[in-house]
Amino acid sequence: MSSVSLNEINKIYDNGVHAIVDLSIEISDGEFLVLVGPSGCGKSTALRMIAGLENVTS
């Protein structure tokens, strides 16, 4: 299988909204991860960047 590693990624939209700020996460092979948080905190954006549906700004 494989693992996922994100190191200080950021997502800034064209309108200046900084949706993801310095997200660092390591998900090992076979690990189960749940993202929880309030509405608008960047959960879906982070998952879309992992899936390749959103570009990582930096």
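**Views of a predicted β-β-α chain**

**View 1. The order of elements in the protein chain.** Read from the N terminus on, the elements of the protein chain follow the order β-β-α, and the model that shows them is a predicted one. In total, the secondary structure of the protein chain amounts to two strands and one helix. Taken along the principal axes, the box filled by the C-alpha atoms of the protein chain is roughly 35 × 25 × 20 Å.

**View 2. Surface and contacts of the protein chain.** The protein chain has 58 residues, of which 21% count as buried. About 4400 Å² of the protein chain is exposed, and 52% of this area is supplied by carbon and sulfur atoms. When contacts between residues at least 6 apart in sequence are considered, 40% of those in the protein chain join residues at least 24 apart.

**View 3. Leu35 in its loop.** Leu35 is found in the loop that lies between strand E2, residues 18-27, and helix H1, residues 43-51. The relative accessible area of Leu35 is 35%, and because this value falls between the 20% limit for buried residues and the 50% limit for exposed ones, Leu35 is described as partly exposed.

**View 4. Leu35 and other residues of the chain.** Leaving aside residues up to four places away in sequence, Leu35 touches Lys43 and Leu47; helix H1, which spans 43-51, follows the loop that holds Leu35. Leu23, for its part, stands twelve residues from Leu35 along the chain, and the C-alpha atoms of Leu23 and Leu35 are separated by 12 Å.

Conventions
Residues numbered from 1 in each chain as written. Predicted model: local features only at pLDDT ≥ 70, side-chain atom pairs only at ≥ 80, totals over all residues. Heavy atoms only, no water. Helix = DSSP H or I, 4+ residues; strand = E, 2+ residues; numbered from the N terminus. Buried < 20%, exposed > 50% of the residue type's maximum accessible area, 1.4 Å probe, protein only. Contact = heavy atoms within 4.5 Å. Areas by Shrake-Rupley, 256 points an atom, 1.4 Å probe, with all protein chains shown as cover.
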